[in-house]
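Here is a short set of exercises, each followed by a worked solution. Have your viewer ready and try each task before reading on.

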Amino acid sequence: SARVTGGAAQRGVAAVDGDASTAWMTPFDDAVGSSLRFDDLGPLGDVLVIDQHETSSSPITAVRIDREIAGSETVSLDVAVAAPDANGRSEVPLTGAIADVSGPLTLTITAVDARVTVDRRYGDTRVLPAAIRELTGTDGVDVVRIDTGAVIESSCEPSLLDVDGQGVPMSFSTTAGELLAGRPVDAVSCDPLRLDAASHDLSAPASEAPGLQVDRVVLADPELPPPAETDSLVDVDVTRNDPRARDVEVGACPDGCWIVLGEGLNDRWEATIDGSSLGAPVQVDGGFNGWWIPPSTEPQSVSFRWTAQTPVTLGLIVSGLAALACIALACVAARSRVSPSLADRSVSPTFVAHGDRATPQHTRAAAVALVALSALLISPGWGLIALVVAVTSIAATRLQRAPARLVEWSGVGAACAVAVSVLWIVRRDRPVPNAGWTLAFDHLNGLALYAVIAVAVGASFAPDARRRRA
């Protein structure tokens, strides 16, 4: 019913080709439900042996076998699959008509011992495929062998490319062995395309050509001679290679040449020669930045700059100044809290470091809010952690030993712990800055949310909160 994407050799017939070095492999995340169907299969006997792939796959733990007998009648058997032995083989007991008669048979995977991997592009967790190297029965299973020398060809069938929604007849010729080995096949259009000077939509309808994938398309004018086979590469010497700035020395290219920056296409990359811009980058080589360098008989210096960094740097400066302003305001506010009993004395004023003492009413209200919000917005487990902080705060208040900011300070401590942990993880693991970069810190989400909740609750129910609002 399906096979792993990109694995021509992992087709279904690999499970009955008599070659233990090949295997049928299901798609990622879709092992359960994948099936093999045999249009005509003889008696299997009392035991079906499943030779499973021992590495990089999820072991099969249960299958369903459906066998058609006497016309339209179907007999089904749901059976557990024992763990593979040292040789990777699992024996499945068979009974009744499924074991004794001939006819169409379908084997469907109904459960696996899921093994997982992490997708290197987005960091998603994916279930590894299931794989069957060989299926054999007590009475044997017919081996299906592929003639790798068999010619596979297409004669002007519009199934590989569409231009403006219309199929382009193309032809190719190869062998089964070449296809199964994943080697490239050259297909050419049967008739020249007639394209006017306008935008055209070129697409590859992969669903109409199962097993074949268009990797590259070359458009050429048939009336022009092909380019001469010459070494057209120009010497390039990199003199600066920073993340946001690159400088290179390009050798002479009297006929003009393309220079390619191996970064994903983005118009915020700028290329200049002696201060003169080369214009916006053009997509080349499947997705990189390219610029055309005018003809020159002398070497030239090309500078690449990532211009998007300037607004980011300004944003960081503004954020830093705002943080310093907040710290300054906090310090000024703390120094202005002069003890009323000392206000009229002639001695130097004494500043109260922690403000007013917490009252039982404020503490109980903060405790209820902290526990409820933590349980609802994070998880019940974090509600229990918040409960410990809340009980400690209430007990300390009754003993008159808790500062008014106890709940807030627990949030500040949590925020500091998150910051230190992130710095440590980045320093230790060097996670790749791709779309899944933040997954390296997923386990810190609860602590970070608690920090926000605790600071907000502490500030809202502090003894001086009502006075501040007034």
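**Exercise 1. Find the buried residues of helix α7, and find what they pack against.**

Keep in mind throughout that this is a predicted model.

Step 1: go through α7 and mark its buried residues, which are Gly446, Tyr450, Ala451, Ile453, Ala454, Val457 and Gly458.

Step 2: recall some helix geometry. An α-helix has 3.6 residues a turn, so residues three or four places apart point the same way.

Step 3: look for the partners. The buried residues of α7 pack against α4 (360-377), α5 (380-398) and α6 (406-429).

Step 4: check the length of the helix. With 16 residues (445-460), α7 reaches 23 Å from its first C-alpha to its last, close to the 22 Å expected at 1.5 Å a residue.

**Exercise 2. Work out which residues have the most contacts inside the largest nonpolar core, and which elements give two or more residues to this core.**

Step 1: start from the general expectation. In soluble globular proteins, nonpolar side chains tend to be buried together.

Step 2: identify the core. The largest one has 27 residues, and Leu48, Val63, Ile65, Leu94, Leu107, Ile132 and Leu135 are those with the most contacts inside it.

Step 3: assign the elements. Two or more residues each come from β2, β3 (47-52), β4 (60-69), β5, α1 (96-100), β7 (103-112) and β10 (131-137).

Step 4: list the surroundings of Leu94. Beyond its neighbours within four places in sequence, Leu94 is in contact with Leu44, Gly45, Asp46, Val47, Leu48, Ile65, Leu77 and Ala99.

**Exercise 3. Decide whether Leu77 is buried or partly exposed, and list its contacts.**

Step 1: place the residue. Leu77 lies in strand β5, residues 73-80.

Step 2: apply the cut-off. Leu77 has 18% relative accessibility and therefore counts as buried, since buried means under 20%.

Step 3: collect the contacts. Leaving out neighbours within four places in sequence, Leu77 is in contact with Val63, Arg64, Ile65, Pro93, Leu94, Thr95 and Ile98.

Step 4: compare chain separation with distance in space. Leu77 and Leu107 are 30 residues apart along the chain, and their C-alpha atoms are separated by 9.7 Å.

**Exercise 4. Do the same for Ser35: is it buried or exposed, and what does it touch?**

Step 1: place Ser35 in strand β2.

Step 2: read its relative accessible area, which is 14%, so Ser35 is buried.

Step 3: name its partners. Not counting residues up to four places away in sequence, Ser35 touches Ser1, Trp24, Thr106, Leu107 and Thr108.

**Exercise 5. Examine the backbone at Asp29 and Asp164: what is the sign of phi at each?**

Step 1: recall the background. Most residues other than glycine have a negative phi.

Step 2: read the angles. Phi is positive at Asp29, about 65°, and also positive at Asp164, near 55°.

Step 3: locate both residues. Asp29 lies in the loop between β1 (24-25) and β2 (35-41), while Asp164 is found in the loop between β11 (151-163) and β12 (166-175).

Step 4: check accessibility. Asp29 is partly exposed at 37%, and Asp164 counts as partly exposed at 41%.

**Exercise 6. Which residues make the nonpolar surface patch of about 490 Å²?**

Step 1: select Leu193, Leu195, Leu202, Val214, Val217 and Leu219, which make this patch.

Step 2: look at one of them. Val217 lies in the loop between β14 (202-203) and β15 (236-242), and its relative accessible area of 35% makes Val217 partly exposed.

Technical notes:
Residues numbered from 1 in each chain as written. Predicted model: local features only at pLDDT ≥ 70, side-chain atom pairs only at ≥ 80, totals over all residues. Heavy atoms only, no water. Helix = DSSP H or I, 4+ residues; strand = E, 2+ residues; numbered from the N terminus. Buried < 20%, exposed > 50% of the residue type's maximum accessible area, 1.4 Å probe, protein only. Contact = heavy atoms within 4.5 Å. Core = buried A, V, L, I, M, F, W, Y, C linked by side-chain atoms within 4.5 Å. Expected span 1.5 Å × (residues − 1). Patch = residues over 30% accessible without salt bridge, like charges linked within 9 Å, V, L, I, M, F, W, Y side chains within 5 Å. Areas by Shrake-Rupley, 256 points an atom, 1.4 Å probe, with all protein chains shown as cover. Salt bridge = Lys/Arg side-chain N within 4 Å of Asp/Glu carboxyl O.
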